[in-house]
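Here are a few friendly notes to read alongside the model. Take the points one at a time and keep the 3D view open.

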Protein chains: 2
Amino acid sequence: MAQRDTLTPQDWIKAAFRLLTSTGPTAIRVDLLCRELGVTKGSFYWHFADLAALRAQMVAHWRRVATSDVIAAMTSAELAPRELFIRLFETVLSQPARDYGGAMAEAAIRHWAAGDEAVQAVVREADTERLAFLTLQLRGAGLSGPEARSRAALLLATLIGLEQLTGEPALPRLDIPGFVDAMLTPARMVDATGGAFA
Amino acid sequence: MAQRDTLTPQDWIKAAFRLLTSTGPTAIRVDLLCRELGVTKGSFYWHFADLAALRAQMVAHWRRVATSDVIAAMTSAELAPRELFIRLFETVLSQPARDYGGAMAEAAIRHWAAGDEAVQAVVREADTERLAFLTLQLRGAGLSGPEARSRAALLLATLIGLEQLTGEPALPRLDIPGFVDAMLTPARMVDATGGAFA
DNA sequence: ACCTGAACACCGTTCAAGT
DNA sequence: ACCTGAACACCGTTCAAGT
């Protein structure tokens, strides 16, 4: 593809995401990456210690684009919580538009995390950042602390799950505003001991 | 481990899930499986055409245990939708109790699906079956057709997402009954053209 | 029918040598 | 600094031979 006379880490990472989305996770191989970039395998090992190092960089890129950048964009848009959540769902549901692999990347990354401590740490960071952001928004919408935390985790789970489902069993038409409204509506929370929760 | 004098496919599948949960997805290797079962590699290739065939059997097993069996158990318990949903969430949140790999299996299977048509077909079947079951329950709880379908997809997404999050960023305490109540509460549904939805 | 043991093939990784 | 080309190592797969 379009390349300058010397390769950058970004070139390798982009090529790897391209292979991931086009052919699947097994296509992330040194020889295929090199064919894609028109170099030999030694070049790869000058830029990266091994394939695990490349995956680590892919995960770092995903963390930035899929988490921090999204949160920054949402924050700067200064939307009310309700509209912000609706836009978040729309972003997740319009998967193919993303350039870092979309749903395939999420599945691959969470899979890699199971066998790679470093990857797992980054995924945890991303989830924690998302959770804190969602909790903040829900507090802003008037929910109590415990309730905002609970609903934030459930919202995050829904977003992650939808990412895995998009395109799969032909999802029905979703009433996102209705769902968001339901999530913004406080419930009576009672803890296991029977005492008031909030 | 405990083995009769001749191995069954079940022995291999169980060993593979054991390796998956203990060491991660990269541990599903012919040599490691054989060490675990006390045989040589030729034995594996008498039972299975290749590793892809073993994975296909693992996916088939997951589909039965994680989908059909769960639905059958829920159905025979004859619970009201609200209690049924609460129990479903509890089942998902108590991951380690499962014997087919739990959350790690879900991530691995959805990852394999990206590069394997046969696996993808089974995952699609499982999702479709879950979706139909949840939709049926929501209709039983009094939601309209379109609303039940929408909420069923969002419920399924939440369950799948929670499976990926369990244990990860130390989830806060979740108010599952409150969430279920919110999902059972009908919303005014209006479609994109502005007309009444249901 | 079920498994052994050795061979082969593929792809990840290394490294001395080039520019 | 960045890459080539050849070598090596590992693990998936095959297969003739054993019981």
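The points below cover the two protein chains and the surface by one DNA strand.

1. A word on the model. This is a predicted model, where local features need pLDDT of at least 70 and side-chain atom pairs count only at pLDDT 80 or more, while totals for chains, interfaces and linings use all residues. Residues are numbered from 1 along each chain as its sequence is written, and chains are lettered from A and ligands numbered from 1 in the order in which they are written.

2. How the copies are related. A turn of 180° with a shift of 0.0 Å along the axis lays chain A on chain B with an RMSD of 0.0 Å (a least-squares superposition on the C-alpha atoms of residues with pLDDT of at least 70 in both). The two copies are thus related as by a two-fold rotation axis.

3. Where the chains meet. Chain A and chain B bring 45 residues each to the contact (residues are in contact if their C-beta atoms, placed from the backbone, lie within 7 Å). On the chain A side, helices H6 (102-113), H7 (117-140), H8 (145-165) and H9 (176-184) each supply at least two residues (helices are DSSP runs of H or I, at least four residues, numbered from the N terminus). H8(A) gives the most, with 15 residues. The copies meet through the same surface, because 100% of the interface residues of chain A are also interface residues in chain B.

4. Beside the DNA. Which residues come nearest to DNA strand D? They are A:Thr40, A:Gly42, B:Arg29, B:Gly42 and B:Tyr45, out of 16 residues around the strand (C-beta atom, placed from the backbone, within 6 Å of it). H3(A) gives the most to this surface, with four residues.

Key:
Two residues are in contact if their C-beta atoms, placed from the backbone, lie within 7 Å.
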